[in-house]
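Hello,

Here is the structure I promised to pass on to you. Have a look at it first, and then read on for my notes on what turned up.

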Amino acid sequence: MAIGLKTNISFCDVEGQLVFLDIEADRYFGLSPAAEQSFRGLLADPASPAPASHAPAAPEPALPDPASPDSASSVMALIGHAQMLEMDAPAAPMPCPARASGRESLLDRLEASGHRSSAAATIAASLHISSIRAQLRLRSLSSIFARLRRSKSAVRNWRHAPDEALAITAAFVASARVLRSHDQCLPRSLALAHAFIRTGLRADLFLAVRLRPFAAHCWVEHDGVIANDRAAHVDSYQPILIL
(Lines give C-alpha, C1' and ligand atoms only; values in the text may rest on other atoms or scores of the structure.)
Protein backbone atom coordinates (compact mmCIF):
# COMPACT_ATOMS: atom_id res chain seq x y z
CA MET A 1 0.00 0.00 0.00
CA ALA A 2 1.63 3.26 -1.17
CA ILE A 3 0.90 6.67 0.27
CA GLY A 4 1.16 9.60 -2.09
CA LEU A 5 0.35 13.26 -2.44
CA LYS A 6 -3.05 14.24 -3.74
CA THR A 7 -2.99 15.25 -7.39
CA ASN A 8 -3.57 18.94 -6.63
CA ILE A 9 -0.37 19.18 -4.58
CA SER A 10 3.19 19.34 -5.88
CA PHE A 11 6.44 20.12 -4.11
CA CYS A 12 10.13 20.78 -4.52
CA ASP A 13 13.29 20.91 -2.40
CA VAL A 14 14.73 24.42 -2.25
CA GLU A 15 18.03 24.83 -0.43
CA GLY A 16 17.22 21.87 1.79
CA GLN A 17 13.67 23.00 2.60
CA LEU A 18 10.49 21.51 1.16
CA VAL A 19 7.99 23.90 -0.41
CA PHE A 20 4.50 22.76 -1.48
CA LEU A 21 1.98 24.15 -3.96
CA ASP A 22 -1.74 23.42 -3.63
CA ILE A 23 -3.33 24.53 -6.90
CA GLU A 24 -6.87 23.96 -5.63
CA ALA A 25 -6.28 26.31 -2.68
CA ASP A 26 -4.00 28.54 -4.81
CA ARG A 27 -1.31 28.73 -2.12
CA TYR A 28 2.26 27.80 -1.32
CA PHE A 29 3.09 26.35 2.09
CA GLY A 30 5.75 24.57 4.12
CA LEU A 31 5.78 22.06 6.97
CA SER A 32 6.97 22.27 10.54
CA PRO A 33 10.46 20.77 11.10
CA ALA A 34 8.94 17.62 12.66
CA ALA A 35 6.41 17.15 9.85
CA GLU A 36 9.05 17.76 7.19
CA GLN A 37 11.32 15.16 8.77
CA SER A 38 8.47 12.66 8.70
CA PHE A 39 7.56 13.54 5.12
CA ARG A 40 11.16 12.96 4.06
CA GLY A 41 10.82 9.55 5.69
CA LEU A 42 7.78 8.95 3.49
CA LEU A 43 9.86 9.80 0.41
CA ALA A 44 12.37 7.17 1.45
CA ASP A 45 9.72 4.51 2.18
CA PRO A 46 6.20 5.35 0.88
CA ALA A 47 4.67 2.19 2.34
CA SER A 48 5.75 2.69 5.94
CA PRO A 49 3.86 5.68 7.47
CA ALA A 50 0.57 5.27 9.26
CA PRO A 51 -2.62 5.76 7.22
CA ALA A 52 -4.11 9.22 7.12
CA SER A 53 -7.33 7.78 8.56
CA HIS A 54 -5.50 7.55 11.90
CA ALA A 55 -5.47 11.34 12.08
CA PRO A 56 -6.60 12.78 15.40
CA ALA A 57 -10.07 14.24 15.51
CA ALA A 58 -9.01 17.52 17.12
CA PRO A 59 -8.92 20.36 14.58
CA GLU A 60 -5.51 21.60 15.72
CA PRO A 61 -3.68 18.70 17.38
CA ALA A 62 -0.27 19.38 18.88
CA LEU A 63 2.72 18.00 17.04
CA PRO A 64 4.24 15.01 18.84
CA ASP A 65 7.72 14.90 20.27
CA PRO A 66 10.03 13.94 17.38
CA ALA A 67 11.99 11.70 19.77
CA SER A 68 8.92 9.58 20.48
CA PRO A 69 8.83 6.13 18.79
CA ASP A 70 5.40 6.93 17.39
CA SER A 71 6.42 10.38 16.18
CA ALA A 72 6.70 9.56 12.47
CA SER A 73 3.32 7.87 12.21
CA SER A 74 1.63 10.58 14.27
CA VAL A 75 3.08 13.38 12.20
CA MET A 76 2.16 11.61 8.96
CA ALA A 77 -1.37 11.23 10.31
CA LEU A 78 -1.42 14.95 10.96
CA ILE A 79 -0.29 15.63 7.40
CA GLY A 80 -3.02 13.31 6.15
CA HIS A 81 -5.53 15.16 8.34
CA ALA A 82 -4.49 18.31 6.49
CA GLN A 83 -5.67 16.55 3.29
CA MET A 84 -2.25 16.34 1.67
CA LEU A 85 -2.06 12.59 1.27
CA GLU A 86 -4.07 9.74 -0.17
CA MET A 87 -3.85 5.99 0.26
CA ASP A 88 -3.24 3.58 -2.62
CA ALA A 89 -1.63 6.34 -4.67
CA PRO A 90 -0.45 5.32 -8.18
CA ALA A 91 3.05 6.54 -7.36
CA ALA A 92 5.13 7.63 -4.40
CA PRO A 93 5.63 11.36 -3.86
CA MET A 94 8.40 12.77 -6.02
CA PRO A 95 9.74 16.33 -5.92
CA CYS A 96 9.55 18.38 -9.09
CA PRO A 97 12.85 17.86 -10.94
CA ALA A 98 15.37 20.65 -11.25
CA ARG A 99 15.90 22.09 -14.71
CA ALA A 100 19.25 22.30 -16.43
CA SER A 101 20.75 25.74 -15.89
CA GLY A 102 21.98 28.14 -18.53
CA ARG A 103 19.63 27.19 -21.34
CA GLU A 104 19.26 29.41 -24.36
CA SER A 105 16.35 31.84 -24.57
CA LEU A 106 14.16 32.70 -27.53
CA LEU A 107 14.58 36.30 -26.41
CA ASP A 108 18.29 36.03 -27.27
CA ARG A 109 17.43 34.63 -30.70
CA LEU A 110 14.85 37.37 -31.17
CA GLU A 111 17.37 40.11 -30.47
CA ALA A 112 19.88 38.53 -32.82
CA SER A 113 17.33 38.15 -35.61
CA GLY A 114 15.94 41.68 -35.45
CA HIS A 115 12.45 40.27 -36.05
CA ARG A 116 9.62 42.74 -35.47
CA SER A 117 6.05 41.80 -34.69
CA SER A 118 3.23 43.06 -36.89
CA ALA A 119 0.55 45.26 -35.38
CA ALA A 120 -2.05 42.54 -35.93
CA ALA A 121 0.05 39.89 -34.17
CA THR A 122 0.78 42.23 -31.27
CA ILE A 123 -2.91 43.04 -30.82
CA ALA A 124 -3.81 39.35 -30.94
CA ALA A 125 -1.23 38.54 -28.26
CA SER A 126 -2.53 41.40 -26.11
CA LEU A 127 -6.08 40.09 -26.41
CA HIS A 128 -4.96 36.59 -25.42
CA ILE A 129 -3.25 37.98 -22.31
CA SER A 130 -6.31 40.06 -21.40
CA SER A 131 -8.50 36.98 -21.76
CA ILE A 132 -6.27 34.93 -19.44
CA ARG A 133 -6.26 37.76 -16.88
CA ALA A 134 -10.05 37.71 -16.86
CA GLN A 135 -10.09 33.93 -16.47
CA LEU A 136 -7.72 34.13 -13.50
CA ARG A 137 -10.16 36.49 -11.80
CA LEU A 138 -13.24 34.39 -12.54
CA ARG A 139 -12.06 30.78 -12.49
CA SER A 140 -10.04 28.59 -10.16
CA LEU A 141 -6.37 28.03 -10.81
CA SER A 142 -6.91 24.28 -10.93
CA SER A 143 -9.50 24.60 -13.71
CA ILE A 144 -7.21 26.89 -15.71
CA PHE A 145 -4.34 24.43 -15.39
CA ALA A 146 -6.65 21.55 -16.29
CA ARG A 147 -7.58 23.36 -19.50
CA LEU A 148 -3.90 23.74 -20.37
CA ARG A 149 -3.35 20.02 -19.80
CA ARG A 150 -6.32 19.16 -22.03
CA SER A 151 -5.05 21.45 -24.78
CA LYS A 152 -1.65 19.75 -24.72
CA SER A 153 -3.09 16.23 -24.68
CA ALA A 154 -5.27 17.04 -27.70
CA VAL A 155 -2.20 17.64 -29.90
CA ARG A 156 -1.31 14.39 -31.68
CA ASN A 157 1.98 15.50 -33.29
CA TRP A 158 4.07 18.47 -32.21
CA ARG A 159 5.52 20.56 -35.02
CA HIS A 160 9.06 21.93 -35.21
CA ALA A 161 8.84 25.46 -36.62
CA PRO A 162 11.57 27.73 -35.16
CA ASP A 163 10.60 30.78 -37.22
CA GLU A 164 6.96 30.49 -36.18
CA ALA A 165 7.94 30.12 -32.53
CA LEU A 166 10.09 33.23 -32.83
CA ALA A 167 7.22 35.19 -34.42
CA ILE A 168 4.83 34.22 -31.59
CA THR A 169 7.43 35.23 -29.01
CA ALA A 170 7.99 38.55 -30.77
CA ALA A 171 4.28 39.34 -30.61
CA PHE A 172 4.16 38.72 -26.87
CA VAL A 173 7.29 40.80 -26.29
CA ALA A 174 5.74 43.65 -28.27
CA SER A 175 2.52 43.36 -26.24
CA ALA A 176 4.42 44.68 -23.21
CA ARG A 177 4.19 48.11 -24.85
CA VAL A 178 0.39 47.81 -24.74
CA LEU A 179 -0.27 45.89 -21.52
CA ARG A 180 1.47 46.09 -18.15
CA SER A 181 4.00 43.27 -17.89
CA HIS A 182 5.45 43.77 -14.39
CA ASP A 183 4.31 41.07 -11.94
CA GLN A 184 2.23 39.48 -14.71
CA CYS A 185 4.29 36.36 -15.35
CA LEU A 186 1.38 33.95 -14.81
CA PRO A 187 -1.20 35.41 -17.24
CA ARG A 188 1.47 36.21 -19.82
CA SER A 189 3.01 32.75 -19.60
CA LEU A 190 -0.36 30.98 -19.75
CA ALA A 191 -1.36 33.02 -22.80
CA LEU A 192 1.97 32.33 -24.51
CA ALA A 193 1.73 28.59 -23.77
CA HIS A 194 -1.75 28.44 -25.33
CA ALA A 195 -0.53 30.43 -28.35
CA PHE A 196 2.19 27.86 -28.97
CA ILE A 197 -0.10 24.89 -28.40
CA ARG A 198 -2.83 26.25 -30.70
CA THR A 199 -0.34 26.15 -33.59
CA GLY A 200 0.97 22.70 -32.68
CA LEU A 201 4.19 23.93 -31.07
CA ARG A 202 5.24 22.29 -27.80
CA ALA A 203 5.09 24.48 -24.71
CA ASP A 204 5.79 23.65 -21.08
CA LEU A 205 4.67 25.98 -18.31
CA PHE A 206 7.14 26.14 -15.40
CA LEU A 207 6.02 27.32 -11.96
CA ALA A 208 8.97 27.84 -9.63
CA VAL A 209 9.95 29.27 -6.26
CA ARG A 210 12.97 30.52 -4.36
CA LEU A 211 13.65 31.32 -0.72
CA ARG A 212 15.17 34.14 1.36
CA PRO A 213 13.15 36.06 0.44
CA PHE A 214 10.36 33.81 -0.81
CA ALA A 215 9.31 34.53 -4.40
CA ALA A 216 7.31 32.65 -7.02
CA HIS A 217 7.73 32.93 -10.77
CA CYS A 218 6.65 31.20 -13.97
CA TRP A 219 7.79 31.03 -17.56
CA VAL A 220 7.35 28.98 -20.74
CA GLU A 221 9.85 26.68 -22.42
CA HIS A 222 9.52 25.57 -26.04
CA ASP A 223 11.44 22.46 -27.08
CA GLY A 224 13.71 22.93 -24.06
CA VAL A 225 14.39 26.61 -24.83
CA ILE A 226 13.20 29.39 -22.52
CA ALA A 227 10.60 31.39 -24.41
CA ASN A 228 9.73 34.48 -22.35
CA ASP A 229 12.57 34.94 -19.88
CA ARG A 230 16.33 34.57 -19.65
CA ALA A 231 18.47 31.87 -18.07
CA ALA A 232 20.19 34.34 -15.75
CA HIS A 233 16.81 35.03 -14.14
CA VAL A 234 15.11 31.63 -14.07
CA ASP A 235 18.25 29.85 -12.84
CA SER A 236 17.60 31.37 -9.40
CA TYR A 237 14.28 29.50 -9.15
CA GLN A 238 13.52 25.84 -8.44
CA PRO A 239 10.57 24.41 -10.44
CA ILE A 240 7.70 23.20 -8.26
CA LEU A 241 5.26 22.26 -11.05
CA ILE A 242 5.71 21.72 -14.79
CA LEU A 243 2.61 21.60 -16.99
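A good place to start is the pair β7 and β8, which run antiparallel and are joined by 2 bridges. Before going further, please keep in mind that this is a predicted model, in which local features need pLDDT of at least 70 and side-chain atom pairs count only at pLDDT 80 or more, while totals for chains, interfaces and linings use all residues. Residues are numbered from 1 along each chain as its sequence is written, and side-chain values use heavy atoms, with hydrogens and water left out.

Some terms, so that you can follow the names: two strands pair if DSSP finds at least two bridges between them. Helices (H or I, at least four residues) and strands (E, at least two) are DSSP runs, numbered from the N terminus.

**The sheet around β7**

Between β7 and β8, His222 has Val225 as its bridge partner. The hairpin of these strands has 2 residues between them, and Asp223 takes a positive phi near 50 degrees there. Both strands belong to an open, antiparallel sheet of 4 strands in the order β8-β7-β6-β9. At its edges stand β8 (225-226) and β9 (238-242), each with a single partner strand, so one side of each has no neighbour in the sheet.

On its other pairing, β7 meets β6 (residues 204-210) in the antiparallel sense over 7 bridges. Asp204 stands opposite Glu221, and Val209 has Ala216 as its bridge partner. These two strands form a hairpin as well, with 4 residues between them, and Arg212 in the turn has a positive phi of about 50 degrees.

How much of β7 is buried (under 20% relative accessible area with a 1.4 Å probe, protein chains only; exposed is over 50%, partly exposed in between)? The count is 7 of its 8 residues, so β7 is largely enclosed by the rest of the structure.

Two helices touch this sheet, where contact means heavy atoms within 4.5 Å. Axes are lines fitted to C-alpha atoms, for helices over the stretch in contact, and angles run from 0 to 180 degrees between N-to-C directions. Helix α5 (residues 141-153) lies across β6 and β9, at about 140 degrees to β6. Helix α7 touches β6 and β7, and its direction makes about 15 degrees with that of β7.

**The largest pocket**

A pocket is an open set of points on a 1 Å grid over the protein atoms alone, where a 1.4 Å probe fits, with protein on both sides within 12 Å along at least five of seven lines; lining residues have an atom within 4 Å of a point. The lining of the largest pocket has 25 residues, and Ser181, Gln184, Cys185, Arg188 and Asn228 lie nearest its centre. At least two lining residues come from each of α6 (162-174), α7 (185-198) and β7 (215-222). The largest share, 6 residues, is that of α7.

**The cysteines**

With a disulfide taken as a pair of cysteine sulfur atoms within 2.5 Å, the count is 0. For Cys218, the nearest cysteine sulfur is that of Cys185, 3.7 Å away. Cys218 is buried, at 4% relative accessibility.

**The other sheet**

Strands β2, β3 and β4 form an open sheet in the order β2-β3-β4, with antiparallel pairing. Its edge strands are β2 (9-14) and β4 (27-29), each pairing on one side only.

Enjoy exploring the model!

Best wishes
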